[in-house]
Amino acid sequence: MDQVPEILESANDNNGSRTIIKTVLGPGATVVSHYHTLFTETFEVLEGEIDVWNGDSKITLTVGQSATIAKTIIHRWLVGAKETIVNLTFIPGNIDVERAMKIIKGLGLQQDGFYTQLSATDKDGLVLVAIIADLTHSNTIGDIKKELNKLYESEGSKIEQVKTELLKKYSNNH
């Protein structure tokens with residue numbers, strides 16, 4: 001089971017040069033294909049193994065290995081059969097990504113019963129996906145992009161309201 005992410009280095013403390021987040025990912029954890037335009041993303045494996053697709057190239061990273069995804073490159077990742085611990089580094093740093101991790105951390109603790117898996121396809125799960133994608137500046141592609149666009153058309157104000165509530169509750173607005 002995924003565990004709460006930990007911000008090891010905040011862009012608030014290094015003039016925005018980087019954000020480093022340590023996260024524990026459960027077996028089979030994954031994320032949809034997406035790309036970022038604001039920062040590069042580096043995966044560094046501390047324990048376990050993770051497959052990272054850097055464009056069309058699949059890279060299997062094991063302990064001590066890392067891979068950097070350049071801006072605008074479509075990527076995704078998939079954890080293997082055992083728990084994996086990864087440091088994620090975003091350059092330049094990004095406070096919104098940090099805020100998203102604080103929300104995931106709060107929801108991951110299941111403090112308020114709102115938590116659903118980020119891959120969920122029910123409406124509450126998609127609202128959460130939309131919020132996290134927005135805060136992490138993840139530009140989704142394909143079917144999930146179509147679903148999120150439809151959701152924004154029908155539920156845009158609800159998404160913004162829930163995002164505001166989650167930011168207030170979990171990120172201390174910074």
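**Exercise 1.** Work out what share of the contacts between residues at least 6 apart in sequence joins residues at least 24 apart in the protein chain.

*Solution.* Keep in mind that this is a predicted model. Start by listing residue pairs with heavy atoms within 4.5 Å. Next, keep the pairs at least 6 apart in sequence; of these, 72% join residues at least 24 apart.

**Exercise 2.** Find how many residues the protein chain has and what percentage of them count as buried, then look at the surface.

*Solution.* The chain has 174 residues. Apply the cut-off of under 20% relative accessible area, and 43% of the residues come out as buried. Now for the surface: the accessible area adds up to about 9,000 Å², with carbon and sulfur atoms holding 49% of that.

**Exercise 3.** Write down the pattern of helices and strands along the sequence.

*Solution.* Count the elements to begin with: there are ten strands and three helices. Then read along the sequence, and you get β-β-β-β-β-β-β-β-β-α-α-β-α.

**Exercise 4.** Put the five strands of the open sheet in order and pick out the edge strands.

*Solution.* Follow the pairing, which is antiparallel, and the order is β6-β5-β8-β3-β10. Then check for strands that pair on one side only: those are β6 (57-62) and β10 (139-140), the edges.

**Exercise 5.** Take a look at the hairpin of β5 and β6 and describe how the strands are joined.

*Solution.* Strand β5 covers residues 49-54, runs antiparallel to β6 and is joined to it by six bridges. For one of the bridge pairs, go to glutamate 49: its partner in β6 is threonine 62. Finally, inspect the turn, where two residues sit between the strands and glycine 55 has a positive phi near 70°.

Definitions and conventions. Residues are numbered from 1 along each chain as its sequence is written. This is a predicted model: local features need pLDDT of at least 70, side-chain atom pairs count only at pLDDT 80 or more; totals for chains, interfaces and linings use all residues. Side-chain values use heavy atoms; hydrogens and water are left out. Two strands pair if DSSP finds at least two bridges between them. Helices (H or I, at least four residues) and strands (E, at least two) are DSSP runs, numbered from the N terminus. Buried means under 20% relative accessible area, exposed over 50%, partly exposed in between (1.4 Å probe, protein chains only). Accessible areas come from the Shrake-Rupley method with a 1.4 Å probe; for residues, only the protein chains shown count as cover.
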